[in-house]
Amino acid sequence: YVNSLPSGRLRVFKAASLLNSAGVLGATPVEIEHHLEMGRKLLAAGQLAEALSHYHSAVEGDSKNYLTYYKRAAVFLAMGKSKSALPDLSQAIQLKPDFLAARLQRGNILLKQGSTQEAREDFQAVLKRSPNHEEAHDQLSKAEELELLQEEAHEAHHRGDYITTVQVLEKVIELSPWDPESRELRAECYIRLGDPRKAIMDLTPATRLRADNRAAFLKLSQLHYSLGDHHDSLNQIRECLKLDQDDKECFAHYKQVKKLSKQLDSAEELISEQRYQEAIEKYESVMRTEPNVAFYTNKAKERICFCLVKMKSAEEALDICSEAHQREPQNIHILRDRAEAYILLQEYEKAVEDYQEAREFDQDNQEIREGLDRAQKLLKQSRKRDYYKILGVSRSANKQEVIKAYRKLAQQWHPDNFQSEADKKEAEKKFIDIASAKEVLTDPEMRQKFDSGEDPLDPENQQGGGGGGSREWPFGFNPFEGGNFHFKFHYN
(Lines give C-alpha, C1' and ligand atoms only; values in the text may rest on other atoms or scores of the structure.)
Protein backbone atom coordinates (compact mmCIF):
# COMPACT_ATOMS: atom_id res chain seq x y z
CA TYR A 1 0.00 0.00 0.00
CA VAL A 2 2.81 2.40 1.01
CA ASN A 3 4.78 1.77 -2.18
CA SER A 4 1.70 2.45 -4.29
CA LEU A 5 1.30 6.02 -2.90
CA PRO A 6 2.33 9.05 -5.03
CA SER A 7 5.69 10.45 -4.00
CA GLY A 8 4.24 13.60 -2.31
CA ARG A 9 1.77 11.67 -0.18
CA LEU A 10 4.45 9.06 0.61
CA ARG A 11 6.64 11.76 2.18
CA VAL A 12 3.73 12.98 4.35
CA PHE A 13 2.93 9.41 5.41
CA LYS A 14 6.54 8.73 6.46
CA ALA A 15 6.76 12.04 8.37
CA ALA A 16 3.53 11.27 10.23
CA SER A 17 4.81 7.78 11.08
CA LEU A 18 8.05 9.21 12.51
CA LEU A 19 6.13 11.74 14.62
CA ASN A 20 3.74 9.07 15.78
CA SER A 21 6.59 6.87 16.96
CA ALA A 22 7.56 9.68 19.41
CA GLY A 23 4.03 9.94 20.83
CA VAL A 24 1.35 11.74 18.87
CA LEU A 25 1.33 13.88 15.76
CA GLY A 26 3.51 16.95 16.45
CA ALA A 27 4.19 16.18 20.18
CA THR A 28 7.84 16.25 21.23
CA PRO A 29 9.26 15.51 24.72
CA VAL A 30 9.88 19.24 25.16
CA GLU A 31 6.28 20.06 24.34
CA ILE A 32 5.01 17.32 26.68
CA GLU A 33 7.19 18.69 29.48
CA HIS A 34 5.83 22.18 28.75
CA HIS A 35 2.23 20.90 29.08
CA LEU A 36 3.05 19.18 32.38
CA GLU A 37 4.70 22.29 33.78
CA MET A 38 1.84 24.54 32.67
CA GLY A 39 -0.67 22.05 34.13
CA ARG A 40 1.19 22.11 37.47
CA LYS A 41 1.24 25.92 37.63
CA LEU A 42 -2.40 26.32 36.64
CA LEU A 43 -3.46 23.64 39.14
CA ALA A 44 -1.56 25.47 41.90
CA ALA A 45 -3.31 28.71 40.86
CA GLY A 46 -6.70 27.02 41.01
CA GLN A 47 -7.34 27.37 37.25
CA LEU A 48 -8.60 23.82 36.96
CA ALA A 49 -10.17 23.85 33.49
CA GLU A 50 -7.01 25.32 31.93
CA ALA A 51 -4.81 22.87 33.87
CA LEU A 52 -6.94 19.96 32.66
CA SER A 53 -6.52 21.07 29.05
CA HIS A 54 -2.71 20.90 29.36
CA TYR A 55 -2.82 17.49 31.06
CA HIS A 56 -5.04 16.23 28.22
CA SER A 57 -2.35 17.32 25.78
CA ALA A 58 0.36 15.68 27.90
CA VAL A 59 -1.53 12.35 28.02
CA GLU A 60 -2.14 12.46 24.27
CA GLY A 61 1.53 13.27 23.70
CA ASP A 62 2.83 10.37 25.82
CA SER A 63 0.31 7.62 26.56
CA LYS A 64 2.95 5.49 28.32
CA ASN A 65 3.80 7.96 31.11
CA TYR A 66 2.05 6.87 34.33
CA LEU A 67 2.66 10.26 35.99
CA THR A 68 0.66 12.18 33.37
CA TYR A 69 -2.39 10.01 34.11
CA TYR A 70 -1.90 10.45 37.85
CA LYS A 71 -1.62 14.24 37.55
CA ARG A 72 -4.67 14.46 35.34
CA ALA A 73 -6.57 12.36 37.91
CA ALA A 74 -5.57 14.92 40.56
CA VAL A 75 -7.17 17.68 38.49
CA PHE A 76 -10.35 15.64 38.02
CA LEU A 77 -10.52 15.13 41.79
CA ALA A 78 -9.98 18.84 42.42
CA MET A 79 -12.93 19.48 40.07
CA GLY A 80 -15.09 17.00 42.00
CA LYS A 81 -15.12 14.51 39.11
CA SER A 82 -14.13 11.32 40.93
CA LYS A 83 -15.70 9.08 38.26
CA SER A 84 -13.41 10.63 35.63
CA ALA A 85 -10.37 10.27 37.90
CA LEU A 86 -10.78 6.50 38.40
CA PRO A 87 -9.80 5.40 34.83
CA ASP A 88 -6.66 7.58 34.96
CA LEU A 89 -5.61 6.13 38.32
CA SER A 90 -6.22 2.60 37.02
CA GLN A 91 -4.13 3.36 33.93
CA ALA A 92 -1.31 4.73 36.09
CA ILE A 93 -1.39 1.55 38.23
CA GLN A 94 -1.42 -0.65 35.14
CA LEU A 95 1.67 1.14 33.80
CA LYS A 96 3.37 1.06 37.23
CA PRO A 97 1.88 -1.62 39.58
CA ASP A 98 4.02 -0.51 42.53
CA PHE A 99 2.80 3.10 42.33
CA LEU A 100 1.46 3.27 45.91
CA ALA A 101 0.15 6.86 45.79
CA ALA A 102 -2.17 5.94 42.90
CA ARG A 103 -3.25 2.74 44.69
CA LEU A 104 -4.10 4.67 47.84
CA GLN A 105 -5.94 7.39 45.93
CA ARG A 106 -7.98 4.84 43.97
CA GLY A 107 -8.79 2.98 47.18
CA ASN A 108 -10.05 6.20 48.78
CA ILE A 109 -12.36 6.89 45.82
CA LEU A 110 -13.67 3.32 45.79
CA LEU A 111 -14.34 3.55 49.53
CA LYS A 112 -16.34 6.76 49.07
CA GLN A 113 -18.28 5.07 46.27
CA GLY A 114 -19.18 2.21 48.59
CA SER A 115 -17.14 -0.41 46.68
CA THR A 116 -15.67 -1.96 49.84
CA GLN A 117 -14.15 -5.11 48.34
CA GLU A 118 -12.20 -3.28 45.61
CA ALA A 119 -11.13 -0.57 48.09
CA ARG A 120 -9.81 -3.23 50.48
CA GLU A 121 -7.76 -4.79 47.69
CA ASP A 122 -6.06 -1.45 47.01
CA PHE A 123 -5.32 -0.76 50.69
CA GLN A 124 -3.99 -4.30 51.16
CA ALA A 125 -1.75 -3.88 48.08
CA VAL A 126 -0.28 -0.71 49.64
CA LEU A 127 0.29 -2.49 52.99
CA LYS A 128 1.91 -5.46 51.26
CA ARG A 129 4.64 -3.18 49.93
CA SER A 130 4.62 -0.74 52.87
CA PRO A 131 3.39 -2.59 56.01
CA ASN A 132 3.62 0.49 58.25
CA HIS A 133 1.63 2.81 55.98
CA GLU A 134 -0.60 4.59 58.52
CA GLU A 135 -3.23 5.96 56.12
CA ALA A 136 -3.64 2.60 54.39
CA HIS A 137 -4.22 0.96 57.80
CA ASP A 138 -6.85 3.56 58.74
CA GLN A 139 -8.65 3.31 55.40
CA LEU A 140 -8.65 -0.49 55.47
CA SER A 141 -10.35 -0.32 58.91
CA LYS A 142 -12.96 2.07 57.47
CA ALA A 143 -13.59 -0.27 54.53
CA GLU A 144 -14.19 -3.18 56.93
CA GLU A 145 -16.47 -1.01 59.12
CA LEU A 146 -18.39 0.15 56.06
CA GLU A 147 -18.94 -3.42 54.91
CA LEU A 148 -20.48 -4.36 58.28
CA LEU A 149 -22.69 -1.26 58.30
CA GLN A 150 -23.94 -1.97 54.76
CA GLU A 151 -24.94 -5.48 55.81
CA GLU A 152 -26.70 -4.14 58.93
CA ALA A 153 -28.65 -1.57 56.88
CA HIS A 154 -29.83 -4.16 54.35
CA GLU A 155 -30.91 -6.55 57.11
CA ALA A 156 -32.94 -3.80 58.84
CA HIS A 157 -34.53 -2.84 55.51
CA HIS A 158 -35.37 -6.48 54.73
CA ARG A 159 -37.32 -6.82 57.99
CA GLY A 160 -39.15 -3.53 57.37
CA ASP A 161 -37.44 -1.54 60.14
CA TYR A 162 -37.07 1.69 58.18
CA ILE A 163 -36.15 3.90 61.14
CA THR A 164 -33.16 1.68 62.00
CA THR A 165 -32.22 1.49 58.32
CA VAL A 166 -32.10 5.30 58.12
CA GLN A 167 -30.01 5.51 61.30
CA VAL A 168 -27.46 2.96 60.02
CA LEU A 169 -27.36 4.52 56.56
CA GLU A 170 -26.44 7.85 58.18
CA LYS A 171 -23.10 6.26 59.15
CA VAL A 172 -22.80 4.45 55.80
CA ILE A 173 -23.21 7.68 53.81
CA GLU A 174 -20.73 9.46 56.08
CA LEU A 175 -18.09 6.91 54.99
CA SER A 176 -19.29 6.58 51.38
CA PRO A 177 -20.91 9.87 50.32
CA TRP A 178 -20.54 9.00 46.60
CA ASP A 179 -22.50 5.74 46.84
CA PRO A 180 -25.81 6.15 44.96
CA GLU A 181 -27.21 2.84 46.20
CA SER A 182 -27.12 3.89 49.88
CA ARG A 183 -28.78 7.22 49.11
CA GLU A 184 -31.48 5.54 47.01
CA LEU A 185 -32.14 3.03 49.79
CA ARG A 186 -32.43 5.81 52.38
CA ALA A 187 -34.73 7.76 50.04
CA GLU A 188 -37.01 4.71 49.81
CA CYS A 189 -37.10 4.52 53.63
CA TYR A 190 -37.99 8.22 53.89
CA ILE A 191 -40.84 7.72 51.42
CA ARG A 192 -42.17 4.80 53.48
CA LEU A 193 -41.84 6.92 56.63
CA GLY A 194 -43.86 9.73 54.96
CA ASP A 195 -41.04 12.24 54.55
CA PRO A 196 -40.77 12.93 50.81
CA ARG A 197 -38.73 16.12 51.28
CA LYS A 198 -35.86 14.15 52.81
CA ALA A 199 -36.19 11.54 50.06
CA ILE A 200 -35.70 14.34 47.51
CA MET A 201 -32.53 15.46 49.32
CA ASP A 202 -31.04 11.97 48.87
CA LEU A 203 -32.23 11.33 45.32
CA THR A 204 -30.96 14.67 43.97
CA PRO A 205 -27.23 13.78 44.41
CA ALA A 206 -27.98 10.15 43.42
CA THR A 207 -28.94 11.35 39.91
CA ARG A 208 -25.37 12.63 39.46
CA LEU A 209 -23.66 9.58 40.99
CA ARG A 210 -24.85 7.19 38.25
CA ALA A 211 -24.16 7.62 34.55
CA ASP A 212 -27.77 6.89 33.49
CA ASN A 213 -30.04 7.29 36.48
CA ARG A 214 -33.41 7.67 34.77
CA ALA A 215 -35.13 5.82 37.62
CA ALA A 216 -33.95 8.45 40.12
CA PHE A 217 -35.03 11.34 37.86
CA LEU A 218 -38.49 9.74 37.46
CA LYS A 219 -38.84 9.18 41.19
CA LEU A 220 -37.70 12.76 41.90
CA SER A 221 -40.25 14.11 39.44
CA GLN A 222 -43.02 12.00 41.01
CA LEU A 223 -42.12 13.20 44.51
CA HIS A 224 -42.09 16.87 43.48
CA TYR A 225 -45.42 16.31 41.68
CA SER A 226 -47.02 14.78 44.80
CA LEU A 227 -45.89 17.80 46.84
CA GLY A 228 -47.32 20.30 44.35
CA ASP A 229 -43.92 21.46 43.04
CA HIS A 230 -45.04 21.08 39.44
CA HIS A 231 -42.26 23.22 37.93
CA ASP A 232 -39.57 21.18 39.71
CA SER A 233 -41.37 18.00 38.67
CA LEU A 234 -41.29 19.12 35.04
CA ASN A 235 -37.57 19.96 35.22
CA GLN A 236 -36.67 16.53 36.65
CA ILE A 237 -38.70 14.52 34.14
CA ARG A 238 -37.08 16.49 31.30
CA GLU A 239 -33.68 15.36 32.63
CA CYS A 240 -34.87 11.76 32.33
CA LEU A 241 -35.94 12.32 28.71
CA LYS A 242 -32.58 13.91 27.90
CA LEU A 243 -31.01 10.55 28.73
CA ASP A 244 -33.56 8.63 26.65
CA GLN A 245 -36.37 10.43 24.83
CA ASP A 246 -38.11 7.08 24.20
CA ASP A 247 -38.33 6.08 27.88
CA LYS A 248 -42.03 5.11 28.14
CA GLU A 249 -42.48 5.72 31.88
CA CYS A 250 -40.76 9.09 31.79
CA PHE A 251 -42.65 10.22 28.69
CA ALA A 252 -46.05 9.23 30.12
CA HIS A 253 -45.32 11.14 33.34
CA TYR A 254 -43.96 14.09 31.35
CA LYS A 255 -47.23 14.45 29.41
CA GLN A 256 -49.27 14.48 32.65
CA VAL A 257 -47.01 16.99 34.43
CA LYS A 258 -46.79 19.27 31.41
CA LYS A 259 -50.59 19.38 30.99
CA LEU A 260 -51.24 20.07 34.67
CA SER A 261 -48.44 22.63 34.95
CA LYS A 262 -49.78 24.52 31.94
CA GLN A 263 -53.29 24.62 33.46
CA LEU A 264 -52.01 25.88 36.83
CA ASP A 265 -49.87 28.61 35.26
CA SER A 266 -52.73 29.66 33.01
CA ALA A 267 -55.15 29.86 35.96
CA GLU A 268 -52.80 32.12 37.93
CA GLU A 269 -52.27 34.32 34.89
CA LEU A 270 -56.05 34.73 34.54
CA ILE A 271 -56.27 35.73 38.20
CA SER A 272 -53.54 38.33 37.71
CA GLU A 273 -55.64 39.72 34.83
CA GLN A 274 -58.74 39.73 37.09
CA ARG A 275 -60.51 37.26 34.78
CA TYR A 276 -61.89 35.40 37.75
CA GLN A 277 -64.65 33.35 36.10
CA GLU A 278 -62.18 31.97 33.52
CA ALA A 279 -59.70 31.23 36.31
CA ILE A 280 -62.40 29.24 38.14
CA GLU A 281 -63.06 27.19 35.01
CA LYS A 282 -59.32 26.55 34.61
CA TYR A 283 -59.00 25.36 38.22
CA GLU A 284 -61.97 23.05 37.67
CA SER A 285 -59.96 21.59 34.77
CA VAL A 286 -57.01 21.11 37.13
CA MET A 287 -59.18 18.95 39.43
CA ARG A 288 -60.28 16.84 36.48
CA THR A 289 -56.70 16.45 35.20
CA GLU A 290 -55.38 15.31 38.59
CA PRO A 291 -58.13 14.01 40.91
CA ASN A 292 -55.84 11.69 42.92
CA VAL A 293 -53.26 14.06 44.42
CA ALA A 294 -54.82 16.00 47.31
CA PHE A 295 -52.54 19.02 46.89
CA TYR A 296 -54.02 20.02 43.52
CA THR A 297 -57.66 19.69 44.62
CA ASN A 298 -56.87 21.68 47.77
CA LYS A 299 -55.10 24.36 45.72
CA ALA A 300 -57.99 24.57 43.26
CA LYS A 301 -60.58 24.93 46.03
CA GLU A 302 -58.48 27.63 47.71
CA ARG A 303 -58.12 29.68 44.53
CA ILE A 304 -61.78 29.24 43.47
CA CYS A 305 -62.74 30.53 46.93
CA PHE A 306 -60.51 33.57 46.32
CA CYS A 307 -61.99 34.23 42.87
CA LEU A 308 -65.60 34.01 44.10
CA VAL A 309 -64.85 36.56 46.83
CA LYS A 310 -63.31 38.87 44.24
CA MET A 311 -66.47 38.42 42.13
CA LYS A 312 -68.52 39.24 45.26
CA SER A 313 -70.44 35.94 44.93
CA ALA A 314 -70.62 35.80 48.69
CA GLU A 315 -72.88 32.78 49.35
CA GLU A 316 -71.17 30.58 46.77
CA ALA A 317 -67.79 31.72 48.06
CA LEU A 318 -68.77 30.83 51.62
CA ASP A 319 -69.61 27.24 50.60
CA ILE A 320 -66.37 26.70 48.67
CA CYS A 321 -64.23 28.48 51.28
CA SER A 322 -65.74 26.35 54.06
CA GLU A 323 -65.01 23.17 52.10
CA ALA A 324 -61.46 24.36 51.44
CA HIS A 325 -61.07 25.18 55.16
CA GLN A 326 -62.08 21.63 56.10
CA ARG A 327 -59.37 20.32 53.80
CA GLU A 328 -56.69 22.72 55.11
CA PRO A 329 -57.69 24.08 58.53
CA GLN A 330 -54.46 26.06 58.96
CA ASN A 331 -54.41 27.74 55.55
CA ILE A 332 -54.48 31.47 56.37
CA HIS A 333 -55.40 32.44 52.80
CA ILE A 334 -58.61 30.40 52.97
CA LEU A 335 -59.47 31.89 56.37
CA ARG A 336 -58.81 35.37 55.00
CA ASP A 337 -61.05 34.80 51.96
CA ARG A 338 -63.84 33.25 54.01
CA ALA A 339 -63.68 36.22 56.37
CA GLU A 340 -64.15 38.51 53.35
CA ALA A 341 -67.14 36.42 52.24
CA TYR A 342 -68.64 36.84 55.71
CA ILE A 343 -68.08 40.61 55.44
CA LEU A 344 -69.95 40.64 52.11
CA LEU A 345 -72.79 38.82 53.89
CA GLN A 346 -72.55 41.34 56.78
CA GLU A 347 -71.75 38.56 59.26
CA TYR A 348 -69.01 40.53 60.95
CA GLU A 349 -68.61 38.41 64.09
CA LYS A 350 -67.77 35.35 61.98
CA ALA A 351 -65.40 37.46 59.88
CA VAL A 352 -63.58 38.54 63.04
CA GLU A 353 -63.38 34.90 64.21
CA ASP A 354 -61.80 33.78 60.92
CA TYR A 355 -59.26 36.59 60.93
CA GLN A 356 -58.39 35.87 64.57
CA GLU A 357 -57.87 32.19 63.74
CA ALA A 358 -55.65 33.12 60.79
CA ARG A 359 -53.59 35.41 63.03
CA GLU A 360 -52.96 32.51 65.43
CA PHE A 361 -51.24 30.65 62.58
CA ASP A 362 -49.25 33.68 61.39
CA GLN A 363 -48.75 36.44 63.95
CA ASP A 364 -46.59 38.59 61.66
CA ASN A 365 -48.77 38.65 58.54
CA GLN A 366 -49.57 42.32 57.87
CA GLU A 367 -52.51 41.56 55.56
CA ILE A 368 -54.17 39.39 58.22
CA ARG A 369 -53.62 42.01 60.92
CA GLU A 370 -55.13 44.74 58.73
CA GLY A 371 -58.05 42.48 57.80
CA LEU A 372 -58.78 41.71 61.44
CA ASP A 373 -58.66 45.41 62.33
CA ARG A 374 -61.11 46.22 59.52
CA ALA A 375 -63.47 43.37 60.47
CA GLN A 376 -63.49 44.53 64.11
CA LYS A 377 -64.29 48.10 63.01
CA LEU A 378 -67.12 46.84 60.80
CA LEU A 379 -68.51 44.78 63.68
CA LYS A 380 -68.41 47.81 65.96
CA GLN A 381 -69.93 49.94 63.20
CA SER A 382 -72.73 47.44 62.56
CA ARG A 383 -73.83 47.82 66.15
CA LYS A 384 -74.40 51.51 65.42
CA ARG A 385 -75.59 52.31 61.89
CA ASP A 386 -75.18 49.92 58.98
CA TYR A 387 -76.08 51.79 55.81
CA TYR A 388 -76.31 48.58 53.79
CA LYS A 389 -78.85 47.13 56.24
CA ILE A 390 -80.76 50.42 56.37
CA LEU A 391 -81.31 50.26 52.60
CA GLY A 392 -81.54 46.45 52.56
CA VAL A 393 -78.82 46.04 49.92
CA SER A 394 -75.76 43.80 49.82
CA ARG A 395 -72.24 45.16 50.27
CA SER A 396 -71.62 44.44 46.60
CA ALA A 397 -74.62 46.56 45.42
CA ASN A 398 -73.81 49.08 42.70
CA LYS A 399 -74.88 52.74 42.67
CA GLN A 400 -78.07 52.08 40.65
CA GLU A 401 -79.16 49.38 43.10
CA VAL A 402 -78.50 51.73 46.03
CA ILE A 403 -80.61 54.55 44.47
CA LYS A 404 -83.42 52.16 43.60
CA ALA A 405 -83.55 50.87 47.20
CA TYR A 406 -83.40 54.43 48.52
CA ARG A 407 -86.33 55.62 46.36
CA LYS A 408 -88.50 52.74 47.45
CA LEU A 409 -87.80 53.27 51.16
CA ALA A 410 -88.02 57.07 50.90
CA GLN A 411 -91.54 56.76 49.48
CA GLN A 412 -92.45 54.26 52.19
CA TRP A 413 -91.11 56.30 55.11
CA HIS A 414 -91.85 59.85 54.00
CA PRO A 415 -93.37 61.64 57.00
CA ASP A 416 -96.33 62.90 54.89
CA ASN A 417 -97.53 59.29 54.82
CA PHE A 418 -98.18 59.27 58.58
CA GLN A 419 -100.89 61.01 60.66
CA SER A 420 -99.99 60.86 64.35
CA GLU A 421 -97.14 62.88 65.80
CA ALA A 422 -95.48 59.71 67.17
CA ASP A 423 -95.58 58.01 63.78
CA LYS A 424 -94.28 61.14 62.07
CA LYS A 425 -91.34 61.31 64.52
CA GLU A 426 -90.53 57.63 63.87
CA ALA A 427 -90.82 58.15 60.11
CA GLU A 428 -88.64 61.24 60.28
CA LYS A 429 -85.90 59.24 62.04
CA LYS A 430 -86.17 56.45 59.47
CA PHE A 431 -86.17 58.94 56.60
CA ILE A 432 -83.00 60.62 57.89
CA ASP A 433 -81.25 57.22 58.16
CA ILE A 434 -82.36 56.31 54.63
CA ALA A 435 -81.07 59.62 53.24
CA SER A 436 -77.80 59.23 55.15
CA ALA A 437 -77.34 55.74 53.77
CA LYS A 438 -77.95 56.97 50.24
CA GLU A 439 -75.47 59.83 50.67
CA VAL A 440 -72.68 57.55 51.92
CA LEU A 441 -73.22 54.62 49.56
CA THR A 442 -73.45 56.75 46.40
CA ASP A 443 -70.29 58.71 47.21
CA PRO A 444 -67.21 56.54 46.33
CA GLU A 445 -64.94 58.19 48.91
CA MET A 446 -67.43 57.98 51.78
CA ARG A 447 -68.39 54.43 50.82
CA GLN A 448 -64.75 53.34 50.86
CA LYS A 449 -64.35 54.81 54.35
CA PHE A 450 -67.48 52.99 55.50
CA ASP A 451 -66.28 49.71 53.97
CA SER A 452 -63.05 50.12 55.90
CA GLY A 453 -64.95 50.32 59.17
CA GLU A 454 -65.25 54.11 59.54
CA ASP A 455 -68.60 55.91 59.48
CA PRO A 456 -67.99 59.18 57.57
CA LEU A 457 -71.15 60.70 59.13
CA ASP A 458 -70.25 59.75 62.71
CA PRO A 459 -69.37 62.94 64.67
CA GLU A 460 -66.59 60.98 66.42
CA ASN A 461 -64.85 60.60 63.06
CA GLN A 462 -65.20 64.27 62.03
CA GLN A 463 -62.21 66.62 62.25
CA GLY A 464 -63.03 69.84 64.18
CA GLY A 465 -66.57 68.67 64.72
CA GLY A 466 -68.43 72.03 65.01
CA GLY A 467 -69.18 72.23 68.71
CA GLY A 468 -69.95 68.56 69.20
CA GLY A 469 -73.60 68.64 68.10
CA SER A 470 -74.95 65.38 66.62
CA ARG A 471 -75.35 65.43 62.88
CA GLU A 472 -78.73 63.84 62.23
CA TRP A 473 -79.48 65.26 58.78
CA PRO A 474 -76.77 64.62 56.20
CA PHE A 475 -77.42 67.68 54.01
CA GLY A 476 -76.77 70.20 56.79
CA PHE A 477 -80.42 71.12 57.59
CA ASN A 478 -83.58 69.41 58.82
CA PRO A 479 -86.58 70.02 56.52
CA PHE A 480 -88.94 68.66 59.18
CA GLU A 481 -88.29 71.36 61.77
CA GLY A 482 -91.06 73.90 62.42
CA GLY A 483 -94.57 72.49 62.27
CA ASN A 484 -96.26 72.15 58.89
CA PHE A 485 -94.03 70.56 56.26
CA HIS A 486 -96.28 69.83 53.29
CA PHE A 487 -93.93 69.95 50.26
CA LYS A 488 -93.14 68.08 47.12
CA PHE A 489 -90.03 65.85 47.46
CA HIS A 490 -87.94 64.81 44.47
CA TYR A 491 -86.28 61.38 44.90
CA ASN A 492 -83.04 61.91 43.02
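How much area does the protein chain expose, and what share of it do carbon and sulfur atoms supply?

**Figure 1. The whole chain, an all-round look at a predicted model.** The protein chain exposes about 27600 Å², and carbon and sulfur atoms supply 47% of that area. Count the pieces of secondary structure and you get 24 helices and zero strands. Of the 492 residues in the chain, 43% count as buried. Now take the contacts between residues at least 6 apart in sequence: 53% of them join residues at least 24 apart.

**Figure 2. Helix H7, from one end to the other.** Helix H7 covers residues 116-129, which makes 14 residues. At 1.5 Å a residue they should span 20 Å, and the end C-alpha atoms are indeed 20 Å apart, so the expected span and the model agree.

**Figure 3. The buried and exposed residues of H7.** Which residues of H7 are buried? They are Thr116, Ala119, Asp122, Phe123, Val126 and Leu127. Look down the axis of H7 and these buried residues fall within an arc of 135°, so they line one face of the helix. Here's the handy rule behind that kind of pattern: an α-helix has 3.6 residues a turn, so residues three or four places apart point the same way. On the other side of H7, you'll find Gln117, Lys128 and Arg129 exposed. As for what covers the buried residues, helix H6 (100-112) and helix H8 (134-158) are among the parts that do.

**Figure 4. Stretches annotated as TPR repeats.** The UniProt record, an unreviewed entry, puts the annotation "repeat: TPR" on residues 66-99, 100-133 and 332-365. Zoom in on residues 66-99: this span is 79% helix and 0% strand, and its end C-alpha atoms lie 9 Å apart. Then hop over to residues 332-365, where the chain is 79% helix and 0% strand, with end C-alpha atoms 9 Å apart.

**Figure 5. Glu340 and its surroundings.** Glu340 sits in helix H18, which runs over residues 332-344. Is Glu340 buried or exposed? Its relative accessibility is 16%, so Glu340 counts as buried, the cut-off for buried being under 20%. What does Glu340 touch, if you leave aside its neighbours within four places in sequence? The answer is Val309, Tyr355 and Arg374. With Tyr355 there's an extra detail to spot: a polar contact of 2.5 Å joins the side chains of Glu340 and Tyr355.

Terms used: Residues numbered from 1 in each chain as written. Predicted model: local features only at pLDDT ≥ 70, side-chain atom pairs only at ≥ 80, totals over all residues. Heavy atoms only, no water. Helix = DSSP H or I, 4+ residues; strand = E, 2+ residues; numbered from the N terminus. Buried < 20%, exposed > 50% of the residue type's maximum accessible area, 1.4 Å probe, protein only. Polar contact = N/O pair within 3.5 Å; in protein donor to acceptor, adjacent residues only side chain to side chain. Contact = heavy atoms within 4.5 Å. Expected span 1.5 Å × (residues − 1). Arc of directions from axis to C-beta. UniProt positions renumbered as here; feature names shortened; annotations may be inferred. Areas by Shrake-Rupley, 256 points an atom, 1.4 Å probe, with all protein chains shown as cover.
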